[in-house]
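Subject: A structure for you to explore

Hi there,

Here is the structure I promised to pass on. Have a look at it first, and then read my notes below with the viewer open.

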Amino acid sequence: MSQNGVAANNGSTRKGVTYNNILEAAQRPTPLVPLRKLKVEHQLQSDIYVKLEYLNIAGSLEDRTADKAFQFAEEIGVVRGDKVFVTAGGSAAISYATVAAVKGIKLTIYAPKGEFALVDTVLHTLGVDVVELPVTTYSEARAQTEEAAQQKNVFCLNKFTTNAAFVANLQKTACEIERAMNNKSIGKVGAVVIPLNTGAPAAGIAAYYKGTGDHGVRVVGVTCKKDTIPEMGLDLKKDLLQEYGVEQREVDEDEAYAFTRHLIGTEGIMAGPSSGAAVLEAIKLAKELPAGSTIIVVLQDGIRNYLRHFLDDDWITAHKKNVVTRKDGPQPNSTYDPKVLEYDPTKLAGEWTQDPVTKSWSHSDVEFNEFNPERPLVLDTVLDAIGKTPLVKLQHVPKAHGVKCNVYVKCEYMNAGGSTKDRIAKRMVEIAEKTGRPGKLVPGVTLIEPTSGNTGIGLSLASAVRGYKCIITMPKKMSKEKAIAMASLGSTIIRTPNEAGFDSPHSHIGVALRLKSEIQDAVVLDQYCNPGNPLAHYEQTAEEIIYDMGDKHIDLVVLTAGTGGTVTGISRKIHEKIPTAKVVGVDPHGSILAGPAETDIDFYEVEGIGYDFLPGTLDTSAIDYWAKSHDKESFLMARELIRTEGILCGGSSGCAVHYALEECKSLNLPADANVVVLLPDGIRNYITKFLDDDWMNERHFLDA
Ligand code: PMP
């Protein structure tokens, strides 16, 4: 990690941070969030805080274990290029594979049989070999892995994994909990609830409290009655749990699925099923503990691996689970007054003006928020886990492409909802709540938004937390994973034809406008015209980049454009504060953002970027120049970032990095130049798309 001091206005030294690889960014503590609505719903006299382990670099608590296990292995001589075997499934497998990718270790994962298609695809993209063993238990799988390792004379990581989980959670998870409690003085921890698979993390946490002589803290592990929830109780170390006094509770599978869906929809806590099960038990425990107790629930992982599992109604029905599926939401009427379609997405609401002396911007309708670089350990709501994403220096990809300079990537997939659009969703809702523009957000209001998905996820998240109804209109091209993420957060999703132009009554914009005219108390926040869109990036994202880069000068910033909010907001701030820096916008072939307007509008696969009109939120004059992108290069680069840097990014991220490297080469940037690239989202939305070789092959994207 490098601390980048820079003199602040008040003369003190600000300390921003950049990371030398994504594993360093994992040193950041994960936040605690109180469950406010469930407290009211269950009339609890105690507080439950959830620890968001799904915001770790590969999406789970297992990242901590994997990091530690490889550290142990390195201490006894495992080095870059070595082969290593490990037994793992699910989130743990992804964590080991991600750490191995960063460290350049050739990993083979041995797993018992399971139904984890999404996980297998991620593992494959991370470049590990996966061996599915013809066994059903972890102990059998472990024995076979060890035997294979011995035969082939390969190092087997298994010998370290239990200890690594124990130590990592003792040293990190438990300490982070205590640090958070001390900082916020929210009272003393009464219990820590955590799902059990091996139980080693729970034992580590219990050992921490034992070591401090604090015998008042109960550590409660949760398993599933019939071992049917993924990654719960499948590899239990009973002796270890007993030794450290971890209590054990059991949940019913279907009840856990139903409750986890409820947790996501009411609190915006996008947790996996074992985590939901733990929260369910924590609620029961809260009713048993003395009033005023504090319970911490460690959330094992997030929704990523389960978008084709318990979050998918088709899966619920096919597997006959006792879980209520979602009801169909409203559809627009077939007849409508053509007047409702009168709308101009090319006009920004209000006016931006620039002070000719200070060069800083203001907006006619909105007061700006002051930049705050702090990352509190205890948040008010999960919406505060938006922003302050890590800036990571690429280690391998630039060199592999003949680029000498330093390339830093801003990992926006680490936002609470998984993308950079969480920022604008939160900001647009805040502005509407404060100013009543573009509509009043009274209780019961319905937010309707046309989006390519990520704004929809951000708005669904904000709506869940703030208690609004939400309808998302989205072209069919966008992934089913995005739709399931939004539906899980309680939104209704309406799919529209890809080929409908923005001004068609059948496009995502047209359908949103028609619905708005039909539904009482409906507000379209409208990311194409809302000043909160560029503003979120002007006030915060760009400031974070400047702060974290500290005294390292910035030469080039490369950003993709959809609504143009990102590129406009960041560009204005960068030009204001660093006049020598250049900002490049990347626009796909088939879109007209880079102009001229008469360019051929065509289909392309990368999601979230480009448009067939110039959104009001895009100020093309803020951008120094444009690059035009292709699908194939974009997806191949995203896959390369995943495989060689362990950066689990989405397709437009690959697009931004590929064309950033092209710019570096064409400008012949020297070794000491610094380039910043924003990675808008992560793999979660695309596991059945560009991560999947079949999908890539069908489109000839893997052809040489
Ligand atoms: N990439 C992805 C994956 C997105 O969802 C978006 C938002 N549409 C962008 C890039 C572009 O961001 P903006 O709308 O701020 O231009």
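Let's begin with a single glycine: G268, which sits just after helix α10, takes a positive phi of about 70°. Please keep in mind as you read that this is a predicted model.

Now step back into the helix itself. Helix α10 covers residues 253-267, 15 residues in total. From its first C-alpha to its last it reaches 21 Å, close to the 21 Å expected at 1.5 Å a residue. At the start of α10, look for D252: one of its side-chain oxygens comes within 3.3 Å of the backbone nitrogen of D254.

Is α10 largely enclosed or largely open? Eleven of its 15 residues are buried, so the rest of the structure largely encloses α10. Among the buried ones are Y257, F259, L263 and I264, and the list also includes E253, D254, R261 and E267.

Next, the ligand. Which residues come nearest to it? There are 17 residues around the ligand, and K421, G562, T563, T566 and S652 come nearest. Sorted by class, this shell holds four nonpolar, ten polar and three charged residues. Three contacts to oxygen atoms of the ligand are nice to find on screen:

- K421 has a polar side-chain atom 2.5 Å from a ligand oxygen.
- N454 also offers a polar side-chain atom, at 2.9 Å from an oxygen atom of the ligand.
- G564 uses its backbone instead: a polar backbone atom lies 2.8 Å from a ligand oxygen.

On its own, the ligand has 390 Å² of accessible area, and the protein covers 99% of that.

Then there are the strands. Four of them form an open sheet with parallel pairing, in the order β7-β6-β5-β8. The edge strands, each pairing on one side only, are β7 (129-133) and β8 (155-156). Strand β6 (residues 106-112) pairs with β7 in the parallel sense over five bridges. To see where they meet, find P112, which stands opposite L133 in β7.

Strand β4 (residues 47-52) is worth a visit too. Five of its six residues are buried, so β4 is largely enclosed by the rest of the structure. What are its pairings like? With strand β3 (residues 32-34), β4 runs antiparallel, and three bridges join the two; L32 has K51 in β4 as its bridge partner. With strand β12 (residues 294-299), β4 pairs in the parallel sense over six bridges, and here V50 is partnered by V297 in β12.

Finally, here are two loop residues to look up. E607 lies in the loop between β22 (582-588) and β23 (625-629). Is E607 buried or exposed? Its relative accessibility is 5%, and the cut-off for buried is under 20%, so E607 counts as buried. A polar atom of the E607 side chain lies 3.4 Å from the backbone nitrogen of S479.

The other one is A673, in the loop between α21 (651-667) and β24 (674-679). A673 is buried as well, with a relative accessible area of 3%. Its C-alpha is separated by 8.4 Å from that of K404, although the two residues are 269 residues apart along the chain.

Enjoy exploring, and write back with any questions!

Best wishes

Methods. Residues numbered from 1 in each chain as written. Predicted model: local features only at pLDDT ≥ 70, side-chain atom pairs only at ≥ 80, totals over all residues. Heavy atoms only, no water. Near = heavy atom within 4 Å. Polar contact = N/O pair within 3.5 Å; in protein donor to acceptor, adjacent residues only side chain to side chain. Areas by Shrake-Rupley, 256 points an atom, 1.4 Å probe, with all protein chains shown as cover. Nonpolar A, V, L, I, M, F, W, Y, C, P; charged D, E, K, R; others polar. Helix = DSSP H or I, 4+ residues; strand = E, 2+ residues; numbered from the N terminus. Expected span 1.5 Å × (residues − 1). Buried < 20%, exposed > 50% of the residue type's maximum accessible area, 1.4 Å probe, protein only. Pairing = 2+ DSSP bridges.
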